[in-house]
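Biologist: Before we discuss the assignments, please show me the model. I should then like to hear the reasoning behind each term you apply.

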Amino acid sequence: MTFFPICSNRVSFFGCCFRKKTKTKLARPVGEYPWLLGLYYADGYVRNRSQLAFALSMHEELIENKVCEELRELTSKESSIRTEFIGNMRQIRIHSTELCDVFPNKYNPQDFTLLWNQFTQLQKLQFIAGFLDGDGSCAFDVGLTSIQTFSRHFRFILETFHDFLAPLGYTSLGNEHHTM
């Protein structure tokens, strides 16, 4: 419930906005969407244990489309997924306590480890791709390709990425200001 002031002829009172809670039946387990989970760790959040949201740059229309597509597959075709521009951002959100209950606490390293250990190698790569789509950038300098991500809250995730990618021939550079 949201309260907001309403003024009318010098008399102020508070109004409120009611939203009907809808049951969202999950069509598939959230673990089958590693890219979406990776993006959630980078750019997603749960608000009031009832709203799952993603905050993207205004230029990320392709990512917005993929998020909406995966949320529809994950829930049901009738789910109400809202998108809007707020300043220079795109916000995607869905109201669903059921969905919020199955998304991990992204600041808890144990929740991440449990999730990560359930993934296949391909799903781990998809998770990393989602994370980098949210908080990564690519550089192509003199034939050298690099992917960078900076995250002060998710050092435990970046260390896991390093441990996973090192045997595949990737290296990482990290310090207090820049990680991976």
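Modeller: We may begin with leucine 168, which lies in the segment after α6 (155-165). Please bear in mind that this is a predicted model.

Biologist: Why is leucine 168 called partly exposed?

Modeller: The relative accessible area of leucine 168 is 41%. Partly exposed covers the values between 20% and 50%, so leucine 168 at 41% counts as partly exposed.

Biologist: What makes Leu125, Leu168 and Tyr170 a nonpolar patch on the surface?

Modeller: A patch takes residues with over 30% relative accessible area and no salt bridge, and joins nonpolar side chains within 5 Å. Leu168, at 41%, is above that cut-off. Together, Leu125, Leu168 and Tyr170 have about 290 Å² of accessible area.

Biologist: What is the overall architecture, in terms of helices and strands?

Modeller: The protein has 6 helices and 8 strands. Their order from the N terminus is β-β-α-β-β-α-β-β-α-α-α-β-β-α. Of its 180 residues, 37% count as buried.

Biologist: How do you know that β3 and β4 pair?

Modeller: Pairing requires at least two bridges between the strands. β3 and β4 have 4 bridges and run in the antiparallel sense, so the requirement is met. One of the partnerships joins glycine 44 to phenylalanine 54 in β4.

Biologist: What is notable about the phi of asparagine 48 in the hairpin of β3 and β4?

Modeller: The hairpin has 3 residues between the strands, and asparagine 48 takes a positive phi near 55° there, although asparagine 48 is not a glycine. Arginine 49 also lies in the loop between β3 and β4, and has a positive phi of about 55° without being a glycine.

Biologist: Why are asparagine 48 and arginine 49 called exposed?

Modeller: Exposed means over 50% relative accessible area. Asparagine 48 stands at 67% and arginine 49 at 68%, so both count as exposed.

Biologist: Alanine 53 lies in strand β4. Why is alanine 53 called buried?

Modeller: The relative accessible area of alanine 53 is 0%. Buried means under 20%, so alanine 53 is buried. In sequence, alanine 53 and arginine 93 are 40 residues apart, yet their C-alpha atoms are 4.1 Å apart in space.

Biologist: What makes the contact of arginine 93 and glutamate 84 a salt bridge?

Modeller: The cut-off is 4 Å between a side-chain nitrogen of Lys or Arg and a carboxyl oxygen of Asp or Glu. For arginine 93 and glutamate 84 the N to O distance is 2.5 Å, so the pair qualifies. Arginine 93 is buried at 15% relative accessibility, whereas glutamate 84 is partly exposed at 33%.

Biologist: How many salt bridges are there by this rule?

Modeller: The count is 3 salt bridges. Another of them joins arginine 90 to glutamate 64, with the closest N and O atoms 2.3 Å apart. Arginine 90 belongs to strand β6 (residues 89-95) and glutamate 64 to helix α2 (residues 61-74), so the pair ties together parts that are 26 residues apart in sequence. Both arginine 90 and glutamate 64 are buried.

Biologist: Why are glutamate 159 and arginine 155 said to be separated by about one helical turn?

Modeller: The two residues are 4 apart in helix α6, hence a separation of about one turn. An α-helix has 3.6 residues a turn, so residues three or four places apart point the same way. Glutamate 159 and arginine 155 form a salt bridge, their closest N and O atoms being 3.1 Å apart. Glutamate 159, at 41% relative accessibility, and arginine 155, at 45%, each count as partly exposed.

Biologist: How do you know that the span of helix α5 is close to the expected value?

Modeller: Helix α5 (residues 121-135) has 15 residues and reaches 21 Å from its first C-alpha to its last, against an expected 21 Å at 1.5 Å a residue. Its buried residues include Phe127, Ile128, Phe131 and Leu132.

Biologist: How many disulfides are counted, and why is cysteine 68 called buried?

Modeller: The count is 0 disulfides; no pair of cysteine sulfur atoms meets the 2.5 Å cut-off. Cysteine 68 has a relative accessible area of 7%, under the 20% limit, and is therefore buried. Cysteine 100 is likewise buried, at 7%.

Definitions and conventions. Residues numbered from 1 in each chain as written. Predicted model: local features only at pLDDT ≥ 70, side-chain atom pairs only at ≥ 80, totals over all residues. Heavy atoms only, no water. Buried < 20%, exposed > 50% of the residue type's maximum accessible area, 1.4 Å probe, protein only. Expected span 1.5 Å × (residues − 1). Patch = residues over 30% accessible without salt bridge, like charges linked within 9 Å, V, L, I, M, F, W, Y side chains within 5 Å. Areas by Shrake-Rupley, 256 points an atom, 1.4 Å probe, with all protein chains shown as cover.
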